[in-house]
Amino acid sequence: MQKKVQQRRIRKVLVANRGEIAVRVIRACRELGIGTVAVYSDVDRRALHVLHADEAYRLGPAPARESYLRGELILEIAKQSGADAIHPGYGFLSENAEFAEMCEQAGVIFIGPPASAMRALGSKTKARQMADSVKLPRVPGSTKGLESLHEAKRVAAEIGYPVMLKAAAGGGGKGMRAVAAESELAEAFTNASSEAERAFGSSEVYLEKLIERPRHIEVQLLADQHGHCLYLGERECSVQRRHQKVIEEAPSAVVDESLRKRMGEAACKLALAAGYTNAGTVEFLVDAKKNFYFLEMNTRLQVEHPVTELVTGLDLVHLQLLVAQGEPLPLQQKDVRLRGHAIECRLYAEDPDNGFMPSPGRITRLIQPRGPGIREDCGVYDGWTVPLDYDPMLSKLIAFAPTRAMAIDRMQTALAEYCIGGVASNVGLFQRILGDEKFRTAEIDTGYLDRLLAEEKVIAPPSEEELMVAAIAAALFEGHAVKQNQTAAAEEKQSAWHRAARREALRG
Ligand code: MV4
């Protein structure tokens with residue numbers, strides 16, 4: 001049943017977010033002559049998104065629940081400022097159906113799906129039921145929660161080991177256990193259930209056939225309020241660490257035209273069945289035989305949307321605004337053409353030498369890469385203090401080129417140019433990945449990065465002789481450097497090897 005189309009011109013947008021996505025949305029609005037309202041917490045008073053907006057309103061202290069999650073206050077500011085619409089970005093209130101409903105009831109356009117569609121697809125169990133109703137391929141297994149260990153054993157025996165236990169009420173890997181044989185099932189069932197309870201308030205778990213070494217491939221959708229839904233190609237998101245995406249790219253090296261069409265049409269069927277409108281993403285697991293299985297749907301614009309924009313030539317935020325105004329999509333599926341290859345690195349203020357812990361602090365130097373095919377969606381500036389209250393993302397660095405190999409080379413060049421002082425960053429991690437042969441040949445799956453990082457840990461500690469050689473080399477380098485009056489790259493964060501060699505040299 002198609003909802004009533006809300007036709008209303010958007011003249012002013014309140015951006016209910018911060019960081020790079022807030023800057024991204026403000027830019028898109030400005031290009032269309034749409035006024036912008038920023039909201040900020042006390043630590044963000046001088047943030048980039050506040051500097052770029054036409055108006056700015058204080059939300060409160062730094063903690064998200066006292067600022068960016070205060071839906072009622074944000075809606076009140078929208079009304080006071082005369083904003084016609086609210087763009088939620090990603091995270092915070094972007095998938096909060098109650099907030100979307102509050103906006104609808106207050107006559108403020110929520111730039112995203114209707115609350116009803118968010119509810120139908122935002123819950124894992126309802127999304128799976130909706131997927132079944134449109135015969136979207138799902139991993140073989142149970143759909144509802146398992147009543148007992150006995151039932152788990154029966155279902156597992158039916159589908160055959162290895163199997164995967166998963167939390168019915170949530171995703172992201174919490175409450176998930178791979179089980180290779182029945183002997184492991186009891187302990188895994190207990191642990192998965194209690195972890196699910198802790199993480200999602202429900203111990204309900206279900207069971208699926210384990211897909212060995214899957215790829216995580218997602219399809220970008222855009223649906224208007226007139227029953228049209230487009231798929232805009234796919235994104236390869238298999239390079240993840242602890243279920244957090246690290247590198248995303250478009251298109252996927254393993255998706256051909258036929259698979260792209262089948263995944264895209266399946267994703268559109270799901271969205272249309274749920275009355276979905278605006279931008280959304282359907283996530284799939286893809287196995288080695290290129291079978292695809294529905295995982296979940298994200299009812300928001302995602303962090304990694306730029307790689308889709310670069311290979312389609314579309315501006316997804318512009319299209320979101322157009323659809324939110326009630327206009328029909330300005331293109332048809334036959335007009336969607338993919339060209340070239342885009343790779344995105346999520347640059348974070350985190351310390352790879354300290355378990356990737358956040359590295360908040362004042363940015364004392366920032367040299368950003370430029371050049372053909374380089375885009376950086378950035379939320380910080382030289383002199384800005386990265387707060388410890390939020391996700392420490394600095395920016396998203398994207399490289400676009402005619403081929404994947406050229407995009408990798410272009411990204412490596414950009415990463416080599418990137419220089420940040422005052423905080424640690426994960427730039428070195430990307431240099432490691434992009435230089436890895438398995439990445440360059442696209443031999444990646446969801447376990448790729450864990451395996452690569454595990455390799456790093458098994459490097460044997462240096463022998464006495466190796467340390468002595470390193471110490472002598474360091475001493476010679478030091479003497480040479482002093483003689484040549486070279487200036488060491490002070491900002492350069494020295495590697496652990498270098499520090500060890502220098503310690504030896506000093507120890508003499
Ligand atoms: C799986 C799977 C293998 N087999 N399901 C991870 C969290 C949630 N998004 C689903 N996930 C997985 N489900 C079956 N039947 C492997 C994963 C998985 C994964 C999936 C996507 C991206 C990263 C991942 C990392 C580890 C495991």
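Which of the 17 residues around the ligand come nearest? In this predicted model, they are K166, E208, K209, I211 and Q240. Three of these residues place a polar atom beside a nitrogen atom of the ligand, as follows. For K166, a polar side-chain atom lies 2.9 Å from such a nitrogen. For E208, a polar side-chain atom lies 2.8 Å from a ligand nitrogen. K209 uses its backbone: a polar backbone atom sits 2.8 Å from a nitrogen atom of the ligand. On its own, the ligand has 520 Å² of accessible area, and the protein covers 89% of it.

Two strands contribute to this shell. β6 and β8 each supply at least two of the residues around the ligand. Both strands belong to an open sheet of 3 strands, arranged in the order β7-β6-β8. The pairing in this sheet is antiparallel. The edges are formed by β7 (177-179) and β8 (205-209), each of which pairs on one side only. From one strand to the next, the twist averages 25°. In general, strands of a sheet pair through backbone hydrogen bonds, in either a parallel or an antiparallel sense.

The pairing of β6 with β8 can be followed residue by residue. β6 spans residues 163-167, and 5 bridges link this strand to β8 in the antiparallel sense. Within this pair, A167 stands opposite V205 of β8. A helix accompanies the two strands. Helix α7, made of residues 149-159, lies across β6 and β8. Relative to β8, helix α7 runs at about 15°.

The link from this helix to the sheet holds an unusual peptide bond. Most peptide bonds are trans, and most residues other than glycine have a negative phi. Between Y161 and P162, however, the peptide bond is cis, with omega at about -5°. P162 lies in the loop between α7 and β6. A second cis bond runs from A250 to P251, where omega is near -10°. P251 is placed in the loop between β11 (244-250) and α9 (257-273).

Backbone angles also stand out at F92 and H243. F92 is not a glycine, yet its phi is positive, near 40°. This residue is found in the loop between β4 (85-87) and α4 (97-106). F92 counts as partly exposed because its relative accessibility is 29%, which falls between the limits of 20% and 50%. H243 likewise has a positive phi, about 65°, without being a glycine. The loop that holds H243 joins β10 (229-241) and β11. With a relative accessible area of 45%, H243 is partly exposed.

Is T403 buried, partly exposed or exposed? T403 has a relative accessible area of 35%, so this residue is partly exposed. T403 is placed in the loop between β21 (393-401) and α12 (404-417). The side chain of T403 reaches the backbone nitrogen of M406 at 3.1 Å. T403 also has a partner from elsewhere in the chain. H341 is 62 residues away in sequence, but the C-alpha atoms of T403 and H341 are separated by 5.4 Å.

Definitions and conventions: Residues are numbered from 1 along each chain as its sequence is written. This is a predicted model: local features need pLDDT of at least 70, side-chain atom pairs count only at pLDDT 80 or more; totals for chains, interfaces and linings use all residues. Side-chain values use heavy atoms; hydrogens and water are left out. Helices (H or I, at least four residues) and strands (E, at least two) are DSSP runs, numbered from the N terminus. Buried means under 20% relative accessible area, exposed over 50%, partly exposed in between (1.4 Å probe, protein chains only). A polar contact is a pair of N or O atoms within 3.5 Å; within protein, one must be able to donate a hydrogen and the other to accept it, and residues adjacent in sequence count only if both atoms are side-chain atoms. Two strands pair if DSSP finds at least two bridges between them. Axes are lines fitted to C-alpha atoms, for helices over the stretch in contact, and angles run from 0 to 180 degrees between N-to-C directions. Contact means heavy atoms within 4.5 Å. A residue is near a molecule or strand if one of its heavy atoms lies within 4 Å of it. Accessible areas come from the Shrake-Rupley method with a 1.4 Å probe; for residues, only the protein chains shown count as cover.
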